[in-house]
Amino acid sequence: GVHRDLKPSNIMVTDDGYPKLMDFGIARRMADKGPEMPVEIPVADGPGNGLDFVRTRTIVGTPLYMAPEMEQGIVCKESDVYSLGVCVYEMITGDRPFMEPATAFQKMQMDFLRPSLRIPELPPAIDEVINLALQPSPETRLHSAKEFLDRVKAAAKGAA
């Protein structure tokens with residue numbers, strides 16, 4: 001499934017230190033039927049590229065954390081990875097990567113300061129993880145939260 005509105009206010013931490021996602025009011029199972037229809041996104045080497053997409057007629061989410069494709073009504077699990085990248089960027093730097101209004105143009109141009117330019121003591125590998133999470137195209141973005149976590153762990157291990 002896809003949460004569709006991943007942002008700091010929807011991430012709570014338990015007393016044991018485990019993150020929990022909240023507010024699944026607009027979440028969508030990729031197999032759901034209804035006013036949404038499965039689509040394939042054309043790419044240079046052919047349609048779809050193996051990604052599971054849904055096109056919606058309704059744009060929902062919080063623009064500051066929303067992946068660029070969501071503004072076109074395209075939802076995929078990589079959309080949540082993008083939002084997670086924005087949340088982690090904000091968590092480690094204290095600022096969002098894209099200032100308001102966080103336009104699709106800013107996101108497509110990747111017009112943000114790398115985290116290590118804001119916090120010099122961060123390992124450079126964190127810049128690469130954030131860069132991979134904030135890729136404007138879902139095809140070139142990290143494809144899952146697990147992949148994101150694995151990259152963050154590797155970056156942290158390399159810095160130790």
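## Contacts of Leu142

Leaving aside neighbours within four places in sequence, Leu142 is in contact with Glu78, Val81, Val129, Leu132, Ala133, Glu147, Phe148 and Arg151. These contacts, like every value in this report, come from a predicted model.

## The nonpolar core

Leu142 is also one of the residues that touch the most other members of the largest nonpolar core, a set of 25 residues. The others with this standing are Tyr82, Phe98, Phe112, Ile130, Leu134 and Phe148. Helices α1, α4 and α5 (145-159) each supply at least two residues of this core. The largest share comes from α1, with 7 residues. In soluble globular proteins, nonpolar side chains tend to be buried together.

## Overall organisation

The chain contains 7 strands and 5 helices. Along the sequence the elements follow the pattern β-β-β-β-β-β-β-α-α-α-α-α. Of the 160 residues in the chain, 43% are buried. Among contacts with a separation of 6 or more, 50% are between residues 24 or more positions apart. The accessible surface of the chain comes to about 8,900 Å², and carbon and sulfur atoms account for 58% of that area.

## Helices α1 and α4

Helix α1 covers residues 77-93. At 1.5 Å a residue, its 17 residues should span 24 Å, and the end C-alpha atoms are 25 Å apart, which agrees with that expectation. Because 13 of the 17 residues of α1 are buried, this helix is largely enclosed by the rest of the structure. Just after α1, Gly94 takes a positive phi of about 85°.

Helix α4 (residues 124-133) is likewise largely enclosed by the rest of the structure, because 7 of its 10 residues are buried. The buried residues of α4 are Ile126, Asp127, Val129, Ile130, Asn131, Leu132 and Ala133. Asp127 and Asn131 are thus listed as buried together with Ile126, Val129, Ile130, Leu132 and Ala133. Two of the residues in contact with Leu142 are Val129 and Leu132, and Ile130 is among the core residues that touch the most other members.

## The loop between α1 and α2

Most residues other than glycine have a negative phi, and most peptide bonds are trans. Against that background, the peptide bond from Glu100 to Pro101 is cis, with omega near 15°. Pro101 is found in the loop between α1 and α2.

Ala102 lies in the loop between α1 and α2 as well. Ala102 is not a glycine, yet it has a positive phi of about 50°. With a relative accessible area of 3%, Ala102 falls under the 20% limit and is therefore buried.

## Lys107 in helix α2

Helix α2 comprises residues 104-108 and includes Lys107. Is Lys107 buried or exposed? Lys107 counts as buried, because its relative accessibility is 0%. Not counting residues up to four places away in sequence, Lys107 touches Pro63, Met66, Pro68, Glu71, Tyr82, Phe98, Ala102 and Pro136. Of these, Tyr82 and Phe98 are also among the core residues that touch the most other members, while Ala102 is the residue with a positive phi in the loop between α1 and α2.

## Met110 after helix α2

Met110 is placed in the loop between α2 and α3 (115-118). Although Met110 is not a glycine, its phi is positive, at about 55°. Met110 has a relative accessible area of 14%, so it is buried.

How values were computed
Residues numbered from 1 in each chain as written. Predicted model: local features only at pLDDT ≥ 70, side-chain atom pairs only at ≥ 80, totals over all residues. Heavy atoms only, no water. Helix = DSSP H or I, 4+ residues; strand = E, 2+ residues; numbered from the N terminus. Expected span 1.5 Å × (residues − 1). Buried < 20%, exposed > 50% of the residue type's maximum accessible area, 1.4 Å probe, protein only. Contact = heavy atoms within 4.5 Å. Areas by Shrake-Rupley, 256 points an atom, 1.4 Å probe, with all protein chains shown as cover. Core = buried A, V, L, I, M, F, W, Y, C linked by side-chain atoms within 4.5 Å.
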